[in-house]
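Work through the strand pairings of this model. Keep the coordinates open as you go.

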Amino acid sequence: VLQNNDFLRNTVHRHEPPVTAQPIQILVENDEVVVVDKPSSLPVHPCGRFRHNTVIFILGKEHDLKELHTIHRLDRMTSGVLMFAKTVEVSKRIDEQVRERQLEKEYVCRVVGAFPEHEVVCEEPILVVSYKVGVCRVDPKGKPCKTVFQRLSYNGKTSVVRCLPRTGRTHQIRVHLQYLGHPIVNDPIYNMEAWGPGRGKGGKIDKTDEELLKALVEEHRSKQSLDILGISEEDLNSNAENNDCGNSSDCTKSVQADPAQENCPAKDTKDPESNGTAACLLDSDPNLETPEKNKELGSCENQDGQTGAKSWEEKDPLCVECKTRRR
């Protein structure tokens, strides 16, 4: 029973998936906006398992740019120009311009095969299969979408395509390109064998959503690249324990998260410096007494077996991810 003045502490051991070390280049900065070149693999703001390894946190920590307002977002794996407002007023003004179609977004991607030379308009509706893994597909029950595509070049194997999205659905460009039979060359979700021999062309998948998710997870697990999906072995293990996967309807629960999390409001990111320690530290306190058998202070070893002179990374013998040797 808790008594007055009792002190309760819960320490969570958590890993953020690795992201590129490529710096975020600031293209423009004035009193109203900050415009940056976002590298691939970085989420825009805290979301899912990411917190420190996000554009918002890195700009706060490395460039002292705080209280930024997100105007638009780019997929974690998409690189490109990203704009933040410095004040609420500027954010509202630009939001209005976006709503009134005064601003247009343009993307360029390299896709598999010879994309048609003429302009292609795709208006297939898109449905979210899993919020947690971040997988969508074309489905009549989905939300209405429209993307305009124009081929820029073809090198005999792949095409470079300009994409003009007229709506802003999750993974819209990637899903529409997959549907057209020209998925993005290195797409870690929509250009995978899990979708079948046609890789989802024309919306033909021949699998239930549960089977598709399972196949995608297994394919990434075999390649030791689960972090690309933003999930970990620990997530999968805990889901397996909590669900009886003999029933396929139960399996969907294990991979689907709360839809509200998809929007990932960055309301707790006002002060990136407040959590300015390295991501692997997360709440470790040198003054706390911790049983040695539960805590091994190990060194970060790289692939070549070299050991850093100083390392504060905490290794937990019970943690699945601590044991993972990343590629």
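The exercises below concern a predicted model.

**Exercise 1.** Find the order of the strands in the four-stranded open sheet, and decide which strands stand at the edges.

Solution.
- Order: the sheet reads E5-E10-E9-E6, with antiparallel pairing.
- Edges: E5 (107-112) and E6 (120-122) each have a single partner strand, so one side of each lacks a neighbour in the sheet.
- Twist: neighbouring strands are turned by 35° against each other on average, direction ignored.

**Exercise 2.** Describe the pairing of E9 with E10, then locate the helix that packs on this sheet.

Solution.
- Strand E9 covers residues 147-154 and strand E10 covers 158-165.
- Seven bridges link E9 and E10 in the antiparallel sense.
- One register check: threonine 147 has proline 165 in E10 as its bridge partner.
- The helix is H3, residues 172-179. H3 touches E5, E6, E9 and E10. The direction of H3 makes about 70° with that of E9.

**Exercise 3.** Take strand E2. Which strands does E2 pair with, and how many of its residues are buried?

Solution.
- E2 spans residues 33-38.
- Partner E1 (residues 25-29): four bridges, antiparallel. Isoleucine 26 is matched with valine 36 in E2. E1 and E2 make a hairpin, with three residues between them.
- Partner E4 (residues 80-85): six bridges, again antiparallel. Here valine 35 stands opposite methionine 83 in E4.
- Burial: apply the cut-off of under 20% relative accessible area. Five of the six residues of E2 are buried, and the strand is mostly covered.

Definitions and conventions: Residues are numbered from 1 along each chain as its sequence is written. This is a predicted model: local features need pLDDT of at least 70, side-chain atom pairs count only at pLDDT 80 or more; totals for chains, interfaces and linings use all residues. Side-chain values use heavy atoms; hydrogens and water are left out. Two strands pair if DSSP finds at least two bridges between them. Helices (H or I, at least four residues) and strands (E, at least two) are DSSP runs, numbered from the N terminus. Axes are lines fitted to C-alpha atoms, for helices over the stretch in contact, and angles run from 0 to 180 degrees between N-to-C directions. Contact means heavy atoms within 4.5 Å. Buried means under 20% relative accessible area, exposed over 50%, partly exposed in between (1.4 Å probe, protein chains only).
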